[in-house]
Amino acid sequence: MSGDQQCSTSDPVAQISAVEIYGIGIGPSSSHTVGPMRSALRFVNELGDKISDCTGVRIDLYGSLALTGKGHATDVAVMLGLSGYDPATIDPENIPSIIDDIQTRHELRLGGTQSVLFVQAAHLNFRKHEFLPRHPNAVEFSAFNGNDVVLQRVYYSIGGGTIMDGDGRVSRSLPNHPLDFPFGSAAELLEIARHQNMTIAGIMQANEGAWRPETETGVFLDLVRDTMMESIQRGCLADGILPGGLNVRRRAPAMHRSLCQSSDQQDPMRGMDWVSLYALAVNEENAAGSRIVTAPTNGAAGVLPAVLKYFEKFCSGASPSRSREFLLTAAAIGILYKIGASISAAEMGCQGEIGVACSMAAGALTAVLGGSNEQVANAAEIGMEHHLGLTCDPVGGLVQIPCIERNTMGAVKAINAARLALKAHDQVVSLDTVIETMRQTGADMSSKYKETSLGGLAVNVVAC
């Protein structure tokens with residue numbers, strides 16, 4: 001994170017790269033695990049040479065990070081980040097032993113080098129029902145030399161693993177560069193496409209050239225695709241109970257065995273069963289803290305891989321280049337949501353996660369099935385329109401119930417939205433309109449239903 005660029009929230013956010021839409025990290029949450037982990041690593045980097053003066057550290061979690069932090073492994077994430085680990089490179093298999101060592105020794109090695117006193121019960125505070133002003137997901141880090149404060153910083157995890165500092169500056173992995181075809185809305189994107197006679201994926205590919213050669217973008221997209229497919233494969237084989245205390249058993253392995261052994265090849269819904277399996281597999285891996293792709297978040301990480309796998313397995317014309325086209329088109333749609341609203345469930349509810357992922361997947365599938373740019377936008381609009389108002393009320397603060405099943409529903413809806421758009425001629429509601437409607441709906445939604453586990457299924461399942 002030492003190379004992160006800073007930009008204010010008023011900078012041209014259309015300068016978002018596909019690299020910032022698809023982050024390879026660990027589960028169970030991009031906003032509650034990956035973002036806080038990156039914040040902690042950023043804090044260590046800001047300490048710089050002062051790290052050798054530190055004797056202790058304190059972590060204060062606020063708002064949604066405090067209310068659902070235990071279930072989302074936020075406590076584990078910040079300890080890992082302070083210890084110098086990055087979510088993109090850490091081996092998930094090593095996490096339990098790292099945390100056990102910190103808890104047993106009451107010692108944390110800042111940046112992996114400077115040993116400081118750290119008693120988790122005393123130095124990691126869940127400040128439930130206290131919200132800081134800029135965003136519901138806030139964390140404050142304080143480093144001490146004795147009783148003297150060496151450095152104190154506040155960060156906000158604003159969705160998809162992206163972090164913002166206390167002054168409202170967003171940390172980006174890439175600098176701002178002039179783009180060939182900057183866009184800030186779907187209307188602008190479609191107008192550029194018409195004027196330049198380009199696809200949405202082509203516009204994204206041209207813009208990615210501001211940061212790297214086309215071949216390098218291709219390598220990145222192939223890595224994203226391969227990581228998605230690997231998470232499907234692992235999830236189909238990894239049996240057992242998911243961590244967290246709800247005793248949720250993984251369903252993907254049994255479903256995979258059943259589909260492989262079934263002799264009913266004529267079942268017209270068989271393809272949808274496979275799609276549901278793919279989404280289950282990924283999000284069960286996410287719930288287990290394994291490696292997945294934020295697409296655009298961890299809680300919704302199963303939708304895009306499931307629809308992409310559906311395209312590769314069940315549709316004609318699939319190829320590596322078409323899979324890249326799928327991912328680039330989806331990234332463009334994801335950028336529109338980041339510009340016009342938010343992909344944070346703590347701000348938007350689950351419409352900002354599953355809804356956005358469905359919208360991205362619907363548009364992307366439409367593109368690779370030969371749809372026009374207008375049909376891509378129509379599919380994306382349909383995908384979101386039928387997720388408007390979707391709440392985020394995780395039972396036990398865990399990314400399991402109803403989150404895992406919601407990925408299956410989002411994937412199936414995306415395929416249906418694409419098929420509707422490919423047969424449609426008129427679009428009454430624009431993609432920009434539905435994005436603005438989602439933003440307004442999220443602003444009006446009660447905080448009980450925005451990743452706080454204070455309402456909905458989170459309380460009623462327990463009550464039953």
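In which loop is His106 found? Let's begin there, keeping in mind that this is a predicted model. His106 sits in the loop between α5 and β4, the strand that covers residues 107-110. Its backbone is worth a look: phi of His106 is near 50°, a positive value in a residue other than glycine. With a relative accessible area of 40%, His106 falls between the 20% and 50% cut-offs, so this residue counts as partly exposed.

A second residue invites the same kind of inspection. Glu451 lies in the loop between α18 (431-444) and α19 (457-463), and its phi is near 60°, again a positive value in a residue other than glycine. Is Glu451 buried or exposed? Its relative accessible area is 3%, and because buried means under 20%, Glu451 is buried.

While you are looking at the backbone, turn to two proline positions. The peptide bond from Gly27 to Pro28 is cis, with omega near 10°. You will find Pro28 in the loop between β2 (23-26) and α2 (30-47). Ile401 and Pro402 are also joined by a cis peptide bond, with omega at about 5°. Pro402 belongs to the loop between α16 (373-385) and α17 (403-423).

Now step inside. The largest nonpolar core has 94 residues, and those that touch the most other members are Tyr22, Phe183, Met228, Leu304, Phe326, Tyr337 and Leu365. Helix α15 (residues 354-368) gives this core its largest share, 11 residues. To get a feel for the packing, pick out Tyr22. Leaving aside residues up to four places away in sequence, Tyr22 touches a set of residues that includes Phe220, Val224 and Met228, as well as Val293, Thr294 and Ala295. Leu304, Leu327 and Met360 are also among the contacts of Tyr22. Apart from this core there is a second, separate one of 34 residues, which includes Cys54, Ile95, Val150 and Leu151.

Three of the residues that Tyr22 touches, Phe220, Val224 and Met228, lead us to helix α9, where they are among the buried residues. This helix runs over residues 214-237 and has 24 residues. From its first C-alpha to its last it reaches 35 Å, close to the 34 Å expected at 1.5 Å a residue. Other buried residues in α9 include Thr217, Leu221, Ser231, Ile232 and Cys236. As you trace them, remember that an α-helix has 3.6 residues a turn, so residues three or four places apart point the same way.

Next comes open space. The second largest pocket holds about 550 Å³. Its lining is made up of 27 residues, and Ala73, Ile95, Pro243, Ala288 and Gly289 lie nearest its centre. Ile95 is a residue to pause on, being also a member of the second core. Which helix supplies the largest share of the lining? That is α5, with 4 residues, while α4 (74-82) and α5 (95-105) each supply at least two. By class, the lining has 15 nonpolar, 8 polar and 4 charged residues.

Our last stop is Ala254, in helix α10 (residues 252-261). Its relative accessibility is 43%, and because this lies between 20% and 50%, Ala254 counts as partly exposed. To place it in the fold, set it against Glu381: the two are 127 residues apart in sequence and 34 Å apart in space, C-alpha to C-alpha.

Definitions and conventions:
Residues are numbered from 1 along each chain as its sequence is written. This is a predicted model: local features need pLDDT of at least 70, side-chain atom pairs count only at pLDDT 80 or more; totals for chains, interfaces and linings use all residues. Side-chain values use heavy atoms; hydrogens and water are left out. A nonpolar core is a set of buried Ala, Val, Leu, Ile, Met, Phe, Trp, Tyr and Cys residues joined through side-chain atoms within 4.5 Å. Buried means under 20% relative accessible area, exposed over 50%, partly exposed in between (1.4 Å probe, protein chains only). Contact means heavy atoms within 4.5 Å. The expected span of a helix is 1.5 Å times one less than its number of residues. On a 1 Å grid over the protein atoms alone, a cavity is a set of points where a 1.4 Å probe fits but cannot get out, and a pocket is an open set with protein on both sides within 12 Å along at least five of seven lines; lining residues have an atom within 4 Å of a point. Grid points are joined across faces, edges and corners, and a volume is the space filled by probe spheres set on the points. Ala, Val, Leu, Ile, Met, Phe, Trp, Tyr, Cys and Pro count as nonpolar, Asp, Glu, Lys and Arg as charged, and the others, Gly among them, as polar.
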